[in-house]
Amino acid sequence: ARMSEQVPDSDAAAEPLLTIPNALSVLRLVLAPVLLYLAWTGQPTPFLVVLVVSLLSDLCDGWFARRFDQATQLGTLLDSYGDFATYMTVPLCAWWLWPDLIRREAWYAAAVIASYVFPIVLGYLKYGRLTAYHTYGAKLSAVVMGASALALFAGASPIPFRIATWILVLAELEEIAI
């Protein structure tokens, strides 16, 4: 189910800028450099705390948008850029904080990165912009990937992360097909 609808420009101009969902998406954009700093300075516990906040804000922004009828074209764009910033930041941070873990899970880490990058590149080539398909598969993959990556970074078994990687690959293939 595709959730991003094109809103005519006249409606977009009338959209409120300051909404709870927009603030949550902007928070993710602000937290991306914080995550980079924490990883660069070797602070895994604060990194994990900030990552949890970032992932929870991603879970909540869509709920608030629907619950309070605050879904907007700007909100969809901010959410996509917040997702992009988080998903492009975390692999580099993971490499800085847990290089041995990333080496051990290299094939899966590469599949995760490729699954995020390939649809973005295709979207820019085809539409000249970041695409904003918020499918149920994308939502499922975000939840399982976020939870399993957090667990992996905290020292849990890699099996949930590996399963989540396959779910992500399928969700991104769905996005490409759309």
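Two residues are in contact when heavy atoms of one lie within 4.5 Å of heavy atoms of the other. By this criterion, in the predicted model described here, Gly137, Ala138, Leu140, Ser141, Val144, Met145, Ser148, Ala149 and Leu152 of helix H7 meet Pro160, Phe161, Ala164, Thr165, Ile167, Leu168, Ala171 and Glu174 of helix H8. Two packed helices are described by the angle between their axes and the distance between the axes. The axes of H7 and H8 come within 8 Å and cross at roughly 155°. Angles over 145 degrees count as roughly antiparallel, and H7 and H8 are therefore roughly antiparallel to each other. Their crossing is left-handed.

Serine 141 belongs to helix H7 and is one of the H7 residues that meet H8. With a relative accessibility of 3%, serine 141 falls in the buried class, for which the cut-off is under 20%. When neighbours within four places in sequence are left aside, the contacts of serine 141 are Gly146, Ile167, Leu168 and Ala171. Ile167, Leu168 and Ala171 are also among the H8 residues listed in the packing of H7 against H8.

Helix H6 covers residues 106–127, a run of 22 residues. At 1.5 Å a residue, this helix should span 32 Å, and the 31 Å between its end C-alpha atoms agrees with that value. Glycine 128 follows H6 and has a positive phi, near 75°.

The buried residues of H6 are Ala109, Val112, Ser115, Tyr116, Pro119, Ile120 and Gly123. An α-helix has 3.6 residues a turn, so residues three or four places apart point the same way. The buried residues of H6 pack against four helices, namely H4 (73–97), H5 (99–104), H7 (136–153) and H8 (159–177).

The packing of H6 against H8 is described by an angle of about 15° and axes 9 Å apart. Because angles under 35 degrees count as roughly parallel, H6 and H8 are classed as roughly parallel to each other. The crossing of this pair is left-handed. On the H6 side, the residues in contact are Tyr108, Ala109, Ala111, Val112, Ser115, Tyr116, Phe118, Pro119 and Leu122. On the H8 side, they are Phe161, Arg162, Thr165, Trp166, Leu168, Val169, Glu172, Glu175 and Ile176.

Helix H4 also packs against H6, with axes that come within 10 Å and cross at roughly 140°. H4 and H6 are therefore oblique to each other, and their crossing is left-handed. Tyr81, Phe84, Tyr87, Met88 and Pro91 of H4 meet Ile113, Tyr116, Val117, Ile120 and Tyr124 of H6. Tyr116 of H6 thus appears in the contacts with H4 and in the contacts with H8, and Tyr116 is among the buried residues of H6.

Two further residues of H4 were examined individually. Threonine 89 lies in H4 and is buried, with a relative accessible area of 8%. Residues up to four places away in sequence not being counted, threonine 89 touches Ala32, Leu35 and Leu36. Alanine 94 is likewise placed in H4, and its relative accessibility of 1% makes it buried. On the same basis for counting, alanine 94 touches Pro99, Ile102 and Phe153. Alanine 94 and phenylalanine 153 are 59 residues apart along the chain, with their C-alpha atoms separated by 7.8 Å.

The loop between helix H3 (44–67) and H4 contains aspartate 69. Most residues other than glycine have a negative phi, and most peptide bonds are trans. Aspartate 69 is not a glycine, yet its phi is positive, at about 50°. This residue is exposed, with a relative accessible area of 70%, the cut-off for that class being over 50%.

A disulfide is a covalent bond between the sulfur atoms of two cysteines. The structure holds zero disulfides. Cysteine 60 has a relative accessible area of 32% and is therefore partly exposed. Cysteine 93, at 0% relative accessibility, counts as buried.

Note on methods. Residues numbered from 1 in each chain as written. Predicted model: local features only at pLDDT ≥ 70, side-chain atom pairs only at ≥ 80, totals over all residues. Heavy atoms only, no water. Helix = DSSP H or I, 4+ residues; strand = E, 2+ residues; numbered from the N terminus. Expected span 1.5 Å × (residues − 1). Buried < 20%, exposed > 50% of the residue type's maximum accessible area, 1.4 Å probe, protein only. Disulfide = S-S within 2.5 Å. Axes fitted to C-alpha atoms, helices over the stretch in contact; angles between N-to-C directions. Parallel < 35°, antiparallel > 145°, perpendicular 65-115°, else oblique. Left-handed = near helix turned anticlockwise from the far one by under 90°.
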